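Biologist: Could you take me on a close look at the place where the ligand sits? I would like to hear which residues are around it and what the space itself is like.

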Amino acid sequence: MAGVSRSAAEAFRHNAESYENLYRGEPAFPGAPPPDGIPWDIRQAQPRLMELEALGVIRGEVLDAGCGLGDNAIYLAGRGYSVTGLDSSPTAITQARARAADAGVQVRFDVADATDLTGYNGQFDTVIDSALYHCLDHDGRQAYANALHRATTPGARWFLYCFSGDNVNGVIAPMEAVPETEIRDILRNAGWRIDFLGPTTFLGNTSGFTGSFGKLPEAILRQMPPRQAEQMRRMAERMAAILPLIDHGRIHLPCNIVHATRLD
Ligand SMILES: C[S@@+](CC[C@H](N)C(=O)[O-])C[C@H]1O[C@@H](n2cnc3c(N)ncnc32)[C@H](O)[C@@H]1O
């Protein structure tokens, strides 16, 4: 039983299978309630990413790493960029292809593990990471940063959005923040220079927080790493108080944005 408990906790946070389950509309892991929605599915590009594009910093071949349902990649393709979207979830990639077809844009969507990226050497000039980095554990983040170094060209830029420990008008992230020092160490070790690291926001879908994210039974929370469980409890408490007041089903979550440049 103890072994089952540990694997459930790990699956919730780090396992590609739990994301695949969510995209299939199934509980992320055994014992969790089924999702009411995908917390990051807002059926449009992230507003902060749209602003980044408007500022003119995206160039060349673009990789959307952990693209999910593809709306960021589709937006960029609609603005004339050549974009590849990669995700470990086959169901997400199938749905992303359908969304691109509906939008009438060309995006190369493929199933791939971002911590490996074999077969993509030297292909990309810009990397967009919209909330993938914080889904990985420490070793996964290092492998991912190394893989991105191999998959990009010298001087490539990486724009990385990951949850922070801040709050947006009281709203906190559903996951523990990735410490800034860890981001700095991992990127430096992989040959990336950080040009900017600062606060921003990620737009979430409130229905995603009322299902598997917002109503986790106490029995499951007790199986999670204690700090992660505490973060989930605090977030759920705050969400329960404010969700009835929110229009349009959208909520801003606290993030850091990192602008990094590939060295050599
Ligand atoms: C929080 S979602 C963000 C999705 C999308 N970027 C967005 O902004 O809507 C994180 C995504 O990363 C994907 N993912 C998790 N681990 C991965 C890995 N090792 N390789 C590729 N994708 C991964 C998940 O399947 C999920 O689609």
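Modeller: Happy to; here is a walk from the ligand outwards to the pocket that holds it. Please keep in mind that this is a predicted model.

Let's start with the ligand's surroundings. A shell of 18 residues surrounds the ligand, and the closest are Tyr23, Gly66, Asp87, Ala114 and Ser130. Sorted by class, this shell has 11 nonpolar residues, five polar ones and two charged ones.

Three of those closest residues are worth pausing at on your screen. At Tyr23, the side chain does the work of approaching the ligand: one of its N or O atoms is 2.5 Å from an oxygen atom of the ligand. At Gly66 the approach is made by the backbone, where an N or O atom lies 2.7 Å from a nitrogen atom of the ligand. Ala114 also offers a backbone N or O atom, and this one lies 2.9 Å from a nitrogen atom of the ligand. As for cover, the ligand on its own has 590 Å² of accessible area, and the protein covers 94% of that.

Now let's step back to the space around the ligand. The ligand sits in the largest pocket, which holds about 730 Å³ of space. As many as 41 residues line this pocket, and those nearest its centre are Tyr19, Gly66, Ala131, Leu132 and Cys135. If you prefer to follow the secondary structure, the elements giving two or more residues to the lining are α2 (16–23), α4 (71–78), β2 (82–87) and β6 (192–205). Of these, α2 gives the most, with three residues. Gly66 turns up in both views: it is among the closest residues to the ligand, and it is also among those nearest the centre of the pocket. By class, the lining of the largest pocket divides into 22 nonpolar, 14 polar and five charged residues.

One last stop follows on from two of those elements. The loop between α4 and β2 contains Arg79. The side chain of Arg79 is joined to the side chain of Glu53 by a polar contact of 3.2 Å. For a sense of distance, Arg79 and Asp41 are 38 residues apart in sequence, and their C-alpha atoms are 20 Å apart in space.

Definitions and conventions:
Residues are numbered from 1 along each chain as its sequence is written. This is a predicted model: local features need pLDDT of at least 70, side-chain atom pairs count only at pLDDT 80 or more; totals for chains, interfaces and linings use all residues. Side-chain values use heavy atoms; hydrogens and water are left out. A residue is near a molecule or strand if one of its heavy atoms lies within 4 Å of it. A polar contact is a pair of N or O atoms within 3.5 Å; within protein, one must be able to donate a hydrogen and the other to accept it, and residues adjacent in sequence count only if both atoms are side-chain atoms. Accessible areas come from the Shrake-Rupley method with a 1.4 Å probe; for residues, only the protein chains shown count as cover. On a 1 Å grid over the protein atoms alone, a cavity is a set of points where a 1.4 Å probe fits but cannot get out, and a pocket is an open set with protein on both sides within 12 Å along at least five of seven lines; lining residues have an atom within 4 Å of a point. A molecule sits in a cavity or pocket if more than half of its atoms lie within 2 Å of its grid points. Ala, Val, Leu, Ile, Met, Phe, Trp, Tyr, Cys and Pro count as nonpolar, Asp, Glu, Lys and Arg as charged, and the others, Gly among them, as polar. Grid points are joined across faces, edges and corners, and a volume is the space filled by probe spheres set on the points. Helices (H or I, at least four residues) and strands (E, at least two) are DSSP runs, numbered from the N terminus.
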